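The following exercises train the reading of a protein model, each with a worked solution. Please study the sequence and the structure before attempting them.

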Amino acid sequence: MIIFYWSAFDGGKESLISLAKKYSHLPIIANGQLEKVERATEIISNGDADIVTLGKGALANHDWVKKMANDKPFLVFNPDEVLYPIANIKEFEIGK
């Protein structure tokens, strides 16, 4: 088995996700670099989190779930393609 997530503390073996689940006894939502199917699947399979969420992975792949289900390749997040161009507010739009 491959462990993908980082330890919560230097030299520690448990991730922050697993510690939150272990000690909070609350539903845990994991986020952060989970666009890799293997990592998201492992976190859910191990019971470390109840839900995983996607940020950049979903912005780059609006159909992430379909791609995962059909074993299709994922696009890498490119901020220039997703976040730009930025609309600038013009002077007349703010009433100056």
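**Exercise 1.** Determine what percentage of the 96 residues of the chain count as buried.

*Solution.* The model is a predicted one, in which local features need pLDDT of at least 70 and side-chain atom pairs count only at pLDDT 80 or more, while totals for chains, interfaces and linings use all residues. Residues are numbered from 1 along each chain as its sequence is written, and side-chain values use heavy atoms, with hydrogens and water left out. Begin with the term: buried means under 20% relative accessible area, exposed means over 50%, and partly exposed lies in between (1.4 Å probe, protein chains only). Of the 96 residues, 20% count as buried. Next, consider the surface of the chain: its accessible area, from the Shrake-Rupley method with a 1.4 Å probe and, for residues, only the protein chains shown as cover, comes to about 7600 Å². Carbon and sulfur atoms account for 59% of that surface.

**Exercise 2.** State how many helices and strands the chain has, and describe the surroundings of helix α1.

*Solution.* Helices (H or I, at least four residues) and strands (E, at least two) are DSSP runs, numbered from the N terminus. The chain has five helices and two strands, and along the sequence they follow the pattern α-β-α-β-α-α-α. Now turn to helix α1, residues 16-24, where the buried residues are I17, S18 and L19. These buried residues of α1 pack against β1 (29-31) and α2 (37-45). After α1 comes H25, with a positive phi near 60 degrees.

**Exercise 3.** Find the salt bridges of the structure and state where the partners of K21 and D50 lie.

*Solution.* In general, side chains of opposite charge can pair when their charged atoms come close. The criterion is a side-chain nitrogen of Lys or Arg within 4 Å of a carboxyl oxygen of Asp or Glu. A search of the whole structure finds three such bridges.

- K21 bridges to D50, with the closest N and O atoms 2.7 Å apart. K21 lies in helix α1 and D50 in the loop between α2 and β2 (51-53), so the pair ties together parts that are 29 residues apart in sequence. K21 is partly exposed at 25% relative accessibility, and D50 is partly exposed at 39%.
- K22 meets E14 at 3.7 Å, N to O. K22 is partly exposed at 43%, as E14 is at 34%.
- K67 pairs with D63, the closest N and O atoms being 3.8 Å apart. K67 is buried, with a relative accessible area of 13%, whereas D63 is partly exposed at 26%.

**Exercise 4.** Classify the aromatic pair of the structure as stacked, edge-to-face or tilted.

*Solution.* Rings of Phe, Tyr and Trp (its six-membered ring) pair if their centres lie within 6.5 Å; planes under 30 degrees apart count as stacked, over 60 as edge-to-face and the rest as tilted. The structure holds one aromatic pair. The ring centres of W64 and F74 are 5.7 Å apart and their planes stand at 40 degrees, so the pair is tilted. W64 belongs to helix α4 (residues 64-69) and F74 to the loop between α4 and α5, so the pair ties together parts that are 10 residues apart in sequence. Finally, compare accessibility: W64 is buried at 8%, while F74 is partly exposed at 30%.

Key. Contact means heavy atoms within 4.5 Å.
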